Amino acid sequence: MRTPSGVECDFYFTDYYRGREWEECRLLARSPDRAKWTPKLCATCPVPAIRRANRCPTMILKARIRRRWLFLRRVEVEAYCTLSGQPVAEPMVGCGRCHEHRMGAKGLGLAQAPESPPEPPSR
Ligand code: SF4
């Protein structure tokens with residue numbers, strides 16, 4: 001759904017049916033910061049750009065609202081990969097673990113190198 005700042009976000013939800021005026025960030029819906037959310041935060045939120053750049057189905061985003069300056073608040077995002085079981089340092093890029101499981105990844109050189117070098121052939 002399109003946020004008030006004009007970008008598409010999978011987590012933005014509105015309900016104006018029959019006079020209702022409900023706007024919600026579903027990424028923050030289970031967060032303790034839920035009450036602090038306002039639609040103005042969407043303007044500086046990194047989540048839509050992350051989702052446009054990386055649609056990895058095994059990456060989970062977790063958001064929270066942080067106060068930067070006296071009145072300036074921002075949405076900060078942490079990413080976690082359920083496949084590798086580790087945090088993702090660059091959510092725009094991803095950790096790359098799921099690329100190893102794609103068909104043909106070995107042939108294209110995308111598969112991760114083995115931990116120990118292969119044994120030389122014996123004669
Ligand atoms: S705060 Fe970010 S994640 Fe939440 S609805 Fe707005 S753009 Fe989407």
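**Stop 1: the largest pocket**

Start with the lining of the largest pocket: by class it has 5 nonpolar, 1 polar and 6 charged residues. Keep in mind that this is a predicted model. To see that lining, select Arg26, Leu27, Ala29, Arg30, Ser31, Pro32 and Asp33. Then add Lys62, Ala63, Arg64, Ile65 and Arg66, which complete the list. The volume of this pocket is about 200 Å³.

**Stop 2: strand S3 and its partner**

Stay with the second group and colour strand S3, residues 59-67. Now show strand S4, residues 73-81. S3 and S4 run antiparallel, joined by 9 bridges. Step through some of the pairs. Lys62, from the pocket lining, stands opposite Glu78 in S4. Arg64, also in that lining, has Glu76 in S4 as its bridge partner. Ile65, another lining residue, stands opposite Val75 in S4. Keep Val75 selected; it returns at the ligand. Between the two strands, look at the link: S3 and S4 form a hairpin with 5 residues between them.

**Stop 3: the rest of the sheet**

Add strand S5, residues 86-88. S4 and S5 are antiparallel and joined by 3 bridges. Pick Tyr80: opposite it in S5 stands Pro87. The S4-S5 hairpin has 4 residues between its strands. Check Gly85 in that turn, where phi is positive, about 75°.

Now view the three strands together. What is their order in the sheet? They form an open sheet in the order S3-S4-S5, with antiparallel pairing. S3 and S5 stand at the edges with a single partner strand each, so one side of each has no neighbour in the sheet. Neighbouring strands here are turned by 35° against each other on average, direction ignored.

**Stop 4: the S1-S2 hairpin**

Move to strand S1, residues 12-15, and strand S2, residues 22-25. These two run antiparallel, with 4 bridges between them. Click Phe13; its bridge partner in S2 is Glu24. The hairpin of S1 and S2 has 6 residues between the strands. Arg18 in this hairpin takes a positive phi near 50°.

**Stop 5: the largest cavity**

Next, turn on a cavity display. How many cavities of 30 Å³ or more are there? The count comes to 1. About 120 Å³ of space lies in the largest cavity. Its lining has 15 residues. Select Cys9, Cys25, Trp37, Cys42 and Cys45, the ones that lie nearest its centre. Which classes make up the cavity lining? There are 14 nonpolar residues, 1 polar and no charged ones. Set that beside the lining of the largest pocket, with its 6 charged residues.

**Stop 6: the ligand**

Finally, show the ligand. Where does the ligand sit? It sits in the largest cavity. Select the surrounding residues: Cys9, Tyr12, Cys25, Trp37, Cys42, Cys45, Val47, Pro48 and Val75. Several were on the route already. Tyr12 and Cys25 lie in the residue ranges of S1 and S2. Val75 is the residue that stands opposite Ile65. Cys9, Cys25, Trp37, Cys42 and Cys45 are the residues nearest the cavity centre. By class, the shell around the ligand has 9 nonpolar residues, no polar and no charged ones.

Conventions:
Residues numbered from 1 in each chain as written. Predicted model: local features only at pLDDT ≥ 70, side-chain atom pairs only at ≥ 80, totals over all residues. Heavy atoms only, no water. Near = heavy atom within 4 Å. 1 Å grid on protein atoms, 1.4 Å probe; cavity = no way out; pocket = protein on both sides within 12 Å on 5 of 7 lines; lining within 4 Å. Sits in = over half its atoms within 2 Å of the grid points. Nonpolar A, V, L, I, M, F, W, Y, C, P; charged D, E, K, R; others polar. Pairing = 2+ DSSP bridges. Axes fitted to C-alpha atoms, helices over the stretch in contact; angles between N-to-C directions. Points joined across faces, edges and corners; volume = space filled by probe spheres on them.
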